[in-house]
Each structure stands twice: as C-alpha cells, then as structure tokens.
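Please look at the sequence and the structure shown below, and keep both in view while reading the report that follows.

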2 protein chains.
Amino acid sequence: MTKIPEYRKIYSELKREIKRGTYSPGMFLPTETELENMFGVSRTTIRKAISLLVLEGFISVQQGRGTEVQEVSTSQRLNQITSFSETLSQKGYIVTTRGFYLEHIPAPAFVREALGLEKDCTVHHLQRVQCADGRPICIMENYISAHIIPDFEIRNSNFVSLYELLEHEYNLVLREAVERITAIGASFTESQILLVPSGTPLLFSKRITYCDKGPFEYVINKVLAEQYEYAIHLSGRA
Amino acid sequence: MTKIPEYRKIYSELKREIKRGTYSPGMFLPTETELENMFGVSRTTIRKAISLLVLEGFISVQQGRGTEVQEVSTSQRLNQITSFSETLSQKGYIVTTRGFYLEHIPAPAFVREALGLEKDCTVHHLQRVQCADGRPICIMENYISAHIIPDFEIRNSNFVSLYELLEHEYNLVLREAVERITAIGASFTESQILLVPSGTPLLFSKRITYCDKGPFEYVINKVLAEQYEYAIHLSGRA
DNA sequence: CAGTGGTCTAGACCACACT
DNA sequence: GTGTGGTCTAGACCACTGT
C-alpha cells in the first residue's frame, strides 16, 4: 500500500474539521506552534499542510495575524475537479451506486488516443450506475490507466466517489481535467437502465483527467438531463 | 527598501532564463543540488523557487527524474467568455444570423432575479437564430439590462457576434460569466425553427454575464447538440 | 546500483499585526 | 512588547527513475 506523508494526513484532518464545522468561516485555526504540538511534527510539515488548504481556498494566511477559515463561496468552487457523485451530494441528494463492474482490459483505441497510451497498455474499466435518492440518474464508465494505478481494486463495493477513493487510498493528486459536453437521446439500452423512454435527452460528457503524472483517466458519463445541469464559470476575454 | 526573499530572486532568475531560451521546453533544469551550489542557498530555498514555477506551469517535476521545462502554450483559452458565434467561427464554420427580433420590454421575473434588477426595469430582448454553414443550429435569446446599456440599437442587421459589438461600439468590458447547461428535447416550435424532428436533443444553456458594472445580460441558448459541444477546463480540487 | 526529487527535523532570525 | 506567520539553514532518510 502507498505511503501517505504526514502533511497529507494533517491536511485531510484539517479539511475534515473545517467541513464538519469545528473550524468555521471567520474563525482562526490554531497557530503553527500549537499545530506542531497537536500533531507532534515539525513546523515545516504543518506549513506544507496549510499551504495545500490555502491553494484550495479553504483558509487564508496573514503574517502576524493568523490563518483564517474562509467562506467557500459556491462560485469559487466552479470549474474545480469534482466527481459526479460529489456534485450530487452537494445538492443534497443521497447518492448510491447500483450496477458495478470492474474489468482489466487492453486500452481501446479511443482511450489510448485520449490518454496518450502505447499499444498493449492495460486500463481498468469501471462501469457503474449512479442513483440519486434511489433513482438511476447516470451511466458512468471510467477507464483508468494501469500505468499510473497498477493495483487498482475495489475492496468495498459500497464506495461512491471514485475520486475520494483515489485520493485517500492511492494518494493520487488530481491536477486538471478537460471535459467535453453535448447532448444525446437515450438509446434503447440506456433508456432501460435509466428507466426512461428511449430518446429522452441525456447529457453526454467525455472527460480526460490529469494527475501529477500526466493523463490517467478517461470518463464517459450519460446523465439524465432533467435531473442535472453543469455549472461553468467563465472569466476574462481574449 | 523592500526586502526581496532569496527564493523569489531565484524564481525570477530561472523564469528569465526559461523565457530567454537558456532552458527550453523539453530540457531539464539543473538538479536541486546543483542549483543549491549555483545560488549558494539551501535546498529548501531552491525548492520554494521551483514550486512557484511549477504553479505557473513553466516546469514540471518528477521524482527520480528531474525538473523539465514545459511547453507553455497549450489550449488555455478554455473557460474564457466567448459568444456562441465566436466559438463556431473558431471551428471553421461560416456563421450567419437568420431570424432577428429586438424589442424593449419590462424585465420578466426570471431575468430580474438573475440580474438583480428592481421592478419596472427595462431590458433589451434580442432573439436570433444562428446558422453554421447555412444550417440553423442555435436559437438564442439575450436579455440586456437597459440600466447598463441604455441606448442599445442594432444599426447593422448583418452583425454576427453580439459581444464584439458591445465591446467595440459600447465600450463594454466583459468580466466573467456563469453558465448552466443541461439538455432538453426540441419542442414543436423549436423543431420547426431548427428543421429537425421534435424531441431532438438540444443543449440548453442559461448564462449570466457580468461586466465591470455588474450583471448586465441573461442569455438563453438552445443548440443542436449533434453539431456542438461545450469544452470545459477544470483545475484543482477542493 | 547511483542519482534524482519527496519528506521531515530542530532550530534560527526576520517582518508584520495587534494592543 | 508579544505573538503571529515568513524565510532560511544543514542535515537526515525515503521513494522513485534510470542504468
């Protein structure tokens, strides 16, 4: 199993506490010296953890003053890499996974091209149906490069968010992603899975996700449009 | 005089060398130990400088391998504010406007809410059909706040890009926009306008655009999905 | 294997914000 | 002044990539 650095654990721990409300917006985190003692590590390690949280906008630091927990406004969170299930959870749905199939296959041509893989590369192909409040809402296929995550297995079939799994179990850092979105009418098969008439409009998205080691995942999503919308933040002008 | 930290000088120095071509894309920077000696500082300082360059995308680091100078270009033009017609032009289509109707009306409730307008505010309501290579592909409605652009008139009915017009004729500066995208099936009316069977999947987007004076425009687009897709760039992770 | 970057320590001094 | 974060050192050991 992968070794998780101290600063990463502390970062996760602090993030959890912020999300839980132990530290709420406007409050200050303990000082660096206090955190040193709390976690029993050196200041460098604490500072590295804190810098991650700053990068993600959870806290802001000011010399001589302290580190303040920020209001995470929704609009700031746009265009961040979020899994489908995370977005749904945020909207208050109870998210579950219905179907579930994992296989290890030679990368299909379209995946090879998207991820820049050589011939004969293996990918983990994960198929799922995501449900919101018990209702099927999304058909999801992930192709994960075995080159970057060699030993991918799902131990607990009840997991929901793939990204959380990858981050915590495999210590993966998601850097960026490019997503292309269009609409299609549900095919017969899709309509059967999602329990809607065929031809029902679906959002059809293809995403390449990059981690620190390069492109590692190709995702295909088909989402019931009636239940879902993408929010995008645009800024500036060429 | 301001005190400039060592790591900042080193960062600037390295960036200058990269821009000048001393270190060009594909090449590797000296190792951390070498840089330590070159600049006569500790490794921490070097690493801090390097981390800044990584953050800005100039270089990428890989454990056990080295720090490689990156190609800066890439398609970072994603998530900029672009009008529909501009995007289509970029893809090589010839864009024309077919239908065209401008009226000045009291802002409907959903527009008032979106733009934060008072009761009795007027908006310019512009309706158009955009064609790509002569084929209708998008039904477009703009609601432009009369508060910000009081004297909006279209002099030349052959104009194509609304944003270009606003920028050049009205000296407007577009700051940011939030767009929400989902999919619908074409209604009878929409199917007639776009010359497709009713029920054909359309991308349905609603956008609020902000200029330097606040929100000024609400746009509703219905696009033939078959001919169009949204590309989104996501970065970072909460 | 050697050489690279990744993590971590224990301690020092500096710059800034509060009161 | 006191206490906060900001910079920096010298050295240690780990983890990965290459040969």
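## Charges over rings

In this predicted model, the charged end of A:K48 sits over the ring of A:Y7, at 5.1 Å from the ring centre. A second arrangement of this kind is found where the charged end of A:K91 lies over the ring of A:Y228, 4.6 Å from its centre.

## Aromatic pairs

A pair of aromatic rings is described by how far apart the centres are and by the angle between the planes. Over all chains, the count comes to nine aromatic pairs. One of them joins A:F84 and A:Y228, whose centres are 4.7 Å apart and whose planes make an angle of 45°, an arrangement described as tilted. Because A:F84 belongs to helix α4 (residues 84–90) of chain A while A:Y228 is in the loop between β8 (214–224) and β9 (230–235) of chain A, this pair ties together parts that are 144 residues apart in sequence. Both A:F84 and A:Y228 are buried, and together with A:Y230 they form one aromatic cluster.

Another pair is made by A:F110 and A:Y143, and it counts as edge-to-face because the ring centres are 5.6 Å apart and the planes stand at 85°, where an angle over 60 degrees is needed for that name. A:F110 is in helix α5 (residues 109–115) of chain A and A:Y143 is in strand β5 (residues 135–145) of chain A, so the pair ties together parts that are 33 residues apart in sequence. Are A:F110 and A:Y143 buried or exposed? A:F110, with a relative accessibility of 38%, counts as partly exposed, whereas A:Y143, at 5%, counts as buried.

## A buried position in strand β8

A:V219 is placed in strand β8 of chain A, and it counts as buried because its relative accessible area is 5%, where the limit for buried is under 20%. When neighbours within four places in sequence are left aside, the residues in contact with A:V219 are A:E141, A:N142, A:Y163, A:S205, A:K206, A:R207 and A:T209. A:V219 and A:L126 are 93 residues apart in sequence, and their C-alpha atoms are 9.4 Å apart in space.

## The surface near DNA strand C

DNA strand C is surrounded by 21 residues, of which the closest are A:E6, A:Y7, A:S42, A:T45 and B:R43. By class, this surface has four nonpolar, eleven polar and six charged residues. Of the atoms of DNA strand C within 4 Å of the protein, 67% belong to sugar or phosphate, and the rest belong to bases.

A polar backbone atom of A:S42 is 2.6 Å from a phosphate oxygen of DNA strand C, and a backbone N or O atom of B:E32 is 2.9 Å from a phosphate oxygen of this strand. A base is also approached, since an N or O atom in the side chain of A:R43 is 3.3 Å from a base nitrogen of DNA strand C. The largest share of the surface near DNA strand C, three residues, is given by α3(A).

## The surface near DNA strand D

Around DNA strand D there are 22 residues, and those that come nearest are A:R43, B:E6, B:Y7, B:S42 and B:T45. The classes here are four nonpolar, twelve polar and six charged residues, and α3(B) gives the most to this surface, with three residues.

A polar side-chain atom of B:S42 lies 2.6 Å from a phosphate oxygen of DNA strand D. Two side chains reach base nitrogens of DNA strand D, with an N or O atom of B:Q63 at 2.8 Å and a polar atom of B:R43 at 3.4 Å.

Key. Residues numbered from 1 in each chain as written. Chains lettered and ligands numbered in written order. Predicted model: local features only at pLDDT ≥ 70, side-chain atom pairs only at ≥ 80, totals over all residues. Heavy atoms only, no water. Phe/Tyr/Trp six-rings, centres within 6.5 Å; stacked < 30°, edge-to-face > 60°. Helix = DSSP H or I, 4+ residues; strand = E, 2+ residues; numbered from the N terminus. Buried < 20%, exposed > 50% of the residue type's maximum accessible area, 1.4 Å probe, protein only. Lys NZ or Arg CZ within 6 Å of the ring centre and 35° of its normal. Near = heavy atom within 4 Å. Polar contact = N/O pair within 3.5 Å; in protein donor to acceptor, adjacent residues only side chain to side chain. Nonpolar A, V, L, I, M, F, W, Y, C, P; charged D, E, K, R; others polar. Contact = heavy atoms within 4.5 Å.
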